[in-house]
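Reader: Could you pick a single part of this model and take me through it slowly? I'm in my first year, so please spell out the steps.

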Amino acid sequence: MTKRRVVIAILLAVLLSCFTGLAYAHAQNDGSYFTIVDENGVTVYITGWSVKAGDQFLTDKNVRYEITSVEGDIAHAKKIGEVNLGQYLPPEEDQPGLFSSLLKTRIAKAQGGKVAVYHTHSDESYVPTDGKESILGAGGIYKVGDAFTKSLQSKGLEVIHSQAKHDPHDDMAYERSRRTAMDLVKQQPAAIFDIHRDAVPPQVYKATINGEDVTKVQLVVGKYGPTGKQIEDYALQIKAASDKQHPGLVKGIFFAKGGDYNQDLHPRSMLLEVGAHTNDRASAERGVALFADVIPTVLGTSSAAPTAQNGAADVGTAATGPSGAMKSIGWIVGLLVVGVVAFLFLSTGSLKEAGAKVKQFTSTEFANFLAPKKKQPEQVKNNEPQKREDQD
């Protein structure tokens, strides 16, 4: 019996480690941040996102790197090469002007210019303005979302700004916000934005554009999900358009190898970081308002791949169901079950004996492990005469 309990405990520990080990690559929430250096030790990127080997990023100068190792809060990266974003610009971008801008807005509206906005981390705030970096359920990030909404509306676009709360700020926040994202997708928006703020020193995002003090923005792409490559191309389109209209506004693009951030639900889903907790919120609001100028251009020219909306698995729609994290958990549990069955088959020598072992395990052993063993009917019956004698 002792050996069996040990085996059960080991299996449970393995299963628990699988659950706890699987998490999104997400923003740091302890005040720390990562400084990423190149082969020569020169700082090339700073981010509050939890970085891992294999993650990639594109700098504001459109140089792409891949992280090779992480030592504490210092990450080392190798240069992949320079990216020519000109190939992501639509032909009409070569003809700037008021007429061109109005035309893009009209095209975007004609193609279904509805934009959805929500906040997975509903507590995120800006210390200089809000007093602290986290306010559960009422973070300053909502006001940044309002500024984005108003700027888009001023361009004639319809905006759905969800006020749903997804606290606390933990690894499962994206699972909670997935329901919100799915509800927004049902309203058939042309694009959907999950708006956050970063957690780095203020100078990382601070900028002056068109004579205004603003914060830059960062795009985050989850590479884990089935739409990773498509979302990556979409992010590059956005940065190309932003570089053309407001040079220096987009700080860069972070490509998280281990995240999906519910971007599998829509072919134009983007996670947006607007400034950091150390920046004032007014600057963040001005920065995101400038970023809104880019959206009509992107919506009026880019198009989703047909397979992203009509594929066999309905990728790009609410029908995709569980997120990448939950699908991975399902695979882990499935593999664990297969492993246990294989072990029983090898130890017993037949499927019949293995089945009997499984039945015994589920009916008695597992119950005994979680609670004191109950007496069988025969034991109860045999003990009854003794009880009566004791009472006499």
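Author: First, some vocabulary: helices and strands here are runs assigned by DSSP, with at least four residues for a helix (H or I) and at least two for a strand (E), and they are numbered from the N terminus. Keep in mind that this is a predicted model. Let's start at Tyr 261, which sits in the loop between β12 and β13.

The backbone at Tyr 261 is worth a look: its phi is positive, about 55°, although this residue is not a glycine. Is the residue buried or exposed? Its relative accessible area is 2%, and buried means under 20%, so Tyr 261 counts as buried.

Now see what its ring is doing. The centres of the Tyr 261 and Tyr 174 rings are 5.3 Å apart, with 55° between the planes. Planes under 30 degrees apart would be stacked and over 60 would be edge-to-face, so this pair falls in the remaining class, tilted. Tyr 174 is buried too, at a relative accessible area of 1%.

Where do the two partners sit along the chain? Tyr 174 belongs to helix α5 (residues 173–185), while Tyr 261 is in that loop between β12 (250–256) and β13 (269–276). They are 87 residues apart, and the pair links distant parts of the chain.

The two tyrosines also have company. Ring pairs join them with Trp 49 and Phe 254 into a cluster. Trp 49, Tyr 174 and Phe 254 turn up again, along with Phe 57, in a separate nonpolar core of 18 residues. That fits a broad pattern: in soluble globular proteins, nonpolar side chains tend to be buried together.

Follow Phe 57 next. Its ring pairs with that of Tyr 65, 5.3 Å centre to centre and with 15° between the planes, which makes this pair stacked. Both of these residues are buried. Across the whole structure, a search turns up eight aromatic pairs.

Right after Phe 57 in the numbering comes Leu 58, in strand β3 (residues 56–58). Leu 58 has a relative accessibility of 1%, so it counts as buried. Setting aside neighbours within four places in sequence, its contacts include Tyr 45, Leu 236, Lys 239, Lys 251 and Phe 255. Two of those names meet again elsewhere: Lys 251 lies over the face of Tyr 45, 3.6 Å from the ring centre. And here's a nice long-range detail: Leu 58 and Leu 219 are 161 residues apart along the chain, yet their C-alpha atoms are separated by 9.6 Å.

Just past that strand, in the loop between β3 and β4 (63–71), you'll find Asn 62. Like Tyr 261, Asn 62 has a positive phi without being a glycine, about 65° in this case. With a relative accessible area of 13%, Asn 62 is buried.

Back to Leu 58 and its contacts with Leu 236 and Lys 239. Those two residues are among the buried ones of helix α6. The helix has 18 residues (228–245); at 1.5 Å a residue they should span 26 Å, and the end C-alpha atoms are indeed 26 Å apart, so expectation and model agree. Other buried residues of α6 include Ile 231, Tyr 234, Ala 235 and Ile 238. As general background, an α-helix has 3.6 residues a turn, so residues three or four places apart point the same way.

What does α6 add to the largest nonpolar core? It gives seven residues, the biggest share. That core has 46 residues, and those with the most contacts inside it include Phe 148, Leu 219 and Met 270. Beyond its close sequence neighbours, Met 270 is in contact with Ile 231, Tyr 234, Ala 235 and Ile 238, among others. Phe 148, meanwhile, is one of the buried residues of helix α4.

One last stop, on the way to helix α5, where Tyr 174 sits. Asp 167 and Pro 168 are joined by a cis peptide bond, with omega about 5°. Pro 168 lies in the loop between β7 (158–161) and α5. That brings you back to Tyr 174, the ring partner of Tyr 261.

Conventions:
Residues are numbered from 1 along each chain as its sequence is written. This is a predicted model: local features need pLDDT of at least 70, side-chain atom pairs count only at pLDDT 80 or more; totals for chains, interfaces and linings use all residues. Side-chain values use heavy atoms; hydrogens and water are left out. Rings of Phe, Tyr and Trp (its six-membered ring) pair if their centres lie within 6.5 Å; planes under 30 degrees apart count as stacked, over 60 as edge-to-face and the rest as tilted. Buried means under 20% relative accessible area, exposed over 50%, partly exposed in between (1.4 Å probe, protein chains only). A charge sits over a ring if NZ of Lys or CZ of Arg is within 6 Å of the ring centre and within 35 degrees of the ring normal. The expected span of a helix is 1.5 Å times one less than its number of residues. A nonpolar core is a set of buried Ala, Val, Leu, Ile, Met, Phe, Trp, Tyr and Cys residues joined through side-chain atoms within 4.5 Å. Contact means heavy atoms within 4.5 Å.
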